[in-house]
Amino acid sequence: MFKSKAGTEFLDKMSWIADMLIFSILWFVFSIPIFTIGAATSATYRAVQVRIQEGNGVVWSVFWRTFKSSFPQATVSWLIYLTVTTIFGLNQMLLINQLASSWLNYFSQIFLLVLLIMMAPILVMVLAYISRFEDGLKTIWKNAFVLSMTHLKVMAYVLFVTVVSVSVVYLVPALVIIVPAYSLSKVCPRLETIFNQYTDEDLLENMNSNITL
């Protein structure tokens with residue numbers, strides 16, 4: 001059956017949107033316990049990356065396999081960030097209610113805010129790294145930190161997408177059914193460009209040698 005180019009492109013776009021919806025719904029469902037958000041994000045990143053690379057509709061198998069394999073390291077990584085966020089939130093409540101208004105509390109709040117902003121794109125890099133490579137947690141964070149510091153423009157873009165995505169979901173919670181996967185689809189090509197610079201030459205050995213220099 002003959003299909004026009006416009007018709008084919010339309011079907012491809014609809015297929016892409018459908019996959020993004022499925023990925024985001026999976027992310028939401030698997031993130032409900034809160035502590036599983038890290039593993040859900042790693043699984044969604046991998047599913048999106050495979051979808052971009054292979055252009056097929058494989059959804060559940062890729063997501064579930066990555067969720068299980070990344071769960072321990074992604075969960076610990078996410079809980080580190082969640083802990084800092086919780087401390088920031090509690091401290092903010094104390095300041096608002098004027099229960100702790102010393103200069104030290106204000107300084108610590110500014111410090112925590114800067115730390116959260118700086119950690120956000122690195123955490124995205126860590127979760128993406130976990131979904132793609134098999135390393136120890138210490139090595140993952142070291143490598144992700146070095147990669148982040150050597151690709152600041154990409155990290156600035158990742159931070160921008162992350163902030164916009166979180167803000168959009170905060171303002172319109174219903175968009176959680178599309179935003180997670182869509183935002184990862186925007187950062188995925190840039191992170192994959194970084195990963196591919198090292199993969200062919202053995203990412204692990206090169207990054208570890210850079211760290212020890």
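Helices are DSSP runs of H or I with at least four residues, numbered from the N terminus. The exercises below use a predicted model.

**Exercise 1. Place S31 and S42 in the fold.**

Task: In which helix does S31 lie, and is S31 buried or exposed? Do the same for S42.

Solution.
Step 1. S31 is found in helix α1, a helix that covers residues 5-31.
Step 2. The cut-off for a buried residue is under 20% relative accessible area. S31 has 6%, so S31 is buried.
Step 3. Outside its neighbours within four places in sequence, S31 is in contact with T36, I37 and A40.
Step 4. S42 belongs to helix α2. Its relative accessible area is 0%, so S42 is buried too.
Step 5. Setting aside residues up to four places away in sequence, S42 touches T66, S70, A74, L127, I130 and S131. For one of these partners, A74, the C-alpha atom lies 7.1 Å from that of S42, although 32 residues separate the two along the chain.

**Exercise 2. Describe the chain as a whole.**

Task: How many helices and strands does the protein chain have, and what share of its residues is buried?

Solution.
Step 1. The count is eight helices and zero strands. In sequence order the pattern reads α-α-α-α-α-α-α-α.
Step 2. Of the 213 residues in the chain, 40% are buried.
Step 3. Among contacts with a separation of 6 or more, 76% join residues that are 24 or more positions apart.

**Exercise 3. Analyse the salt bridges.**

Task: How many salt bridges does the whole structure hold, which elements do they link, and are the partners buried or partly exposed?

Solution.
Step 1. A search of the whole structure gives two salt bridges.
Step 2. One of them pairs D19 with R51, with 2.4 Å between the closest N and O atoms. It links distant parts of the chain, since D19 sits in helix α1 and R51 in helix α2, 32 residues apart. Both D19 and R51 are buried.
Step 3. A salt bridge also joins the side chains of E192 and R132, at 2.9 Å from N to O. This pair too links distant parts of the chain: E192 is in helix α7 and R132 in helix α4, 60 residues apart.
Step 4. Apply the accessibility cut-offs to the second pair. E192, at 9% relative accessibility, counts as buried. R132 has a relative accessible area of 22%, so R132 is partly exposed.

**Exercise 4. Find the centre of the nonpolar core.**

Task: Which residues of the largest nonpolar core touch the most other members, and which helix gives the largest share of this core?

Solution.
Step 1. The largest nonpolar core holds 52 residues, and M125, L191 and F195 touch the most other members.
Step 2. The elements that give two or more residues to this core are α1, α2, α3, α4, α5 (137-150), α6 and α7. The largest share, 13 residues, comes from α4.
Step 3. Take M125 and list its contacts, not counting residues up to four places away in sequence: A144, L147, S148, M155, L191, I194 and F195.

**Exercise 5. Compare the linings of two pockets.**

Task: What volumes do the largest pocket and the second largest pocket have, and how do their linings divide by class?

Solution.
Step 1. The largest pocket contains about 990 Å³ of space. It is lined by 31 residues, and W78, Y81, T162, S165 and V166 are the closest to its centre.
Step 2. At least two lining residues come from each of α2 (37-54), α3 (60-96), α4 (103-132), α6 (152-171) and α7 (179-199). The most come from α6, with nine.
Step 3. By class, this lining has 24 nonpolar, seven polar and no charged residues.
Step 4. The second largest pocket has a volume of about 220 Å³. Its lining consists of R46, R65, T66, S69, S70, Q73, I130, S131, R132, F133 and E134. Two or more of these residues come from each of α3 and α4, and α3 gives the largest share, five residues.
Step 5. The class count for the second largest pocket is two nonpolar, five polar and four charged.
Step 6. Relate this lining to the earlier exercises. R132, a lining residue here, is also the salt-bridge partner of E192. T66, S70, I130 and S131 line this pocket and are among the residues that S42 touches.

Technical notes. Residues numbered from 1 in each chain as written. Predicted model: local features only at pLDDT ≥ 70, side-chain atom pairs only at ≥ 80, totals over all residues. Heavy atoms only, no water. 1 Å grid on protein atoms, 1.4 Å probe; cavity = no way out; pocket = protein on both sides within 12 Å on 5 of 7 lines; lining within 4 Å. Points joined across faces, edges and corners; volume = space filled by probe spheres on them. Nonpolar A, V, L, I, M, F, W, Y, C, P; charged D, E, K, R; others polar. Salt bridge = Lys/Arg side-chain N within 4 Å of Asp/Glu carboxyl O. Buried < 20%, exposed > 50% of the residue type's maximum accessible area, 1.4 Å probe, protein only. Core = buried A, V, L, I, M, F, W, Y, C linked by side-chain atoms within 4.5 Å. Contact = heavy atoms within 4.5 Å.
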